[in-house]
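I sat down with this model to look up a pocket and a helix. Here are my notes, in the order I took them.

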Amino acid sequence: MSTNRWTSAVEQNPGHSAWYIERFRKMAASGADLAGEVRFVDAMVGRGARVLDAGSGTGRVGGRLAALGHEVVGVDLDPALVAEARAQFPDATWHQGTIADLPGVLAAAGQDAPFDAIVCVGNVITFLADDERLPTLDGFARVLAPEGRAALGFGAGRGYAVADFLDDARSAGLVPDQLLGTWDLRPFTEDSDFVVALLRRA
Ligand SMILES: C[S@@+](CC[C@H](N)C(=O)[O-])C[C@H]1O[C@@H](n2cnc3c(N)ncnc32)[C@H](O)[C@@H]1O
């Protein structure tokens with residue numbers, strides 16, 4: 001049966017979310033660079049853009065985009081992480097829910113306007129249950145503005161082959177604008193162990 005890998009991790013270890021939150025607090029306190037994706041997405045959009053952080057976790061990316069003046073809405077499954085994002089980054093709006101039903105979650109939250117950009121980073125797409133992948137990509141296509149773009153980043157060896165991901169994206173009405181191998185703009189090659197996919201509506 002298809003299971004969500006984040007949910008499984010939390011079920012197997014009820015301390016998983018607290019461990020993850022603490023890990024990112026420590027990295028931030030030690031001065032680690034947690035903003036590579038933020039710089040990338042900020043360069044993609046105009047000032048004051050409407051940005052959806054899909055699988056927003058602790059708000060690491062969306063929170064920093066909000067601090068740059070963007071109107072950020074985050075959606076994440078894990079209530080502990082949503083609470084951390086709300087506490088750390090009150091300038092953005094954070095909702096608990098599944099990105100496999102984005103139109104429903106956003107409509108229930110009164111967030112009907114389309115997004116100039118979607119960020120889905122930190123391997124979020126590889127945590128989805130297999131049967132959540134297409135509905136998630138379909139939701140991205142539905143909530144993206146006509147000229148908007150979605151930026152996804154995930155490790156190539158985490159159970160979702162890049163070719164399968166691109167096929168699924170196409171089925172959902174999303175095509176690649178650019179494929180890169182890193183957030184600092186190295187090219188994507190056959191040997192890349194990471195992909196940064198910039199998708200637009202077909
Ligand atoms: C490794 S964390 C990355 C968090 C954040 N994007 C970052 O890079 O800091 C993976 C996140 O995916 C979220 N997630 C997994 N499946 C999800 C789903 N179906 N809907 C919403 N969030 C989901 C988890 O709750 C977790 O916060």
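I began with the largest pocket and sorted its lining by class: 16 nonpolar, 9 polar and 7 charged residues. My classes count Ala, Val, Leu, Ile, Met, Phe, Trp, Tyr, Cys and Pro as nonpolar, Asp, Glu, Lys and Arg as charged, and the others, Gly among them, as polar.

A note on the source: this is a predicted model, where local features need pLDDT of at least 70 and side-chain atom pairs pLDDT 80 or more, while totals for chains, interfaces and linings use all residues. Residues are numbered from 1 along each chain as its sequence is written, and side-chain values use heavy atoms, without hydrogens and water.

Next I asked which element gives the most to that lining, and I found H2, with 4 residues. Strand E2 (71–76) and helix H7 (124–127) each supply at least two. (Helices, H or I, of at least four residues and strands, E, of at least two are DSSP runs, numbered from the N terminus.)

Then I turned to H2 itself, which covers residues 16–29. I found His16, Ser17, Tyr20, Ile21 and Phe24 buried (under 20% relative accessible area, 1.4 Å probe, protein chains only). Seen down the axis of H2, these buried residues fall within an arc of 135° (taken from the directions from the helix axis to the C-beta atoms), so they line one face. On the other side, I noted Ala18, Lys26 and Ala29 as exposed (over 50%).

Last, I checked just past H2, where glycine 31 has a positive phi of about 85°.

Technical notes. The expected span of a helix is 1.5 Å times one less than its number of residues.
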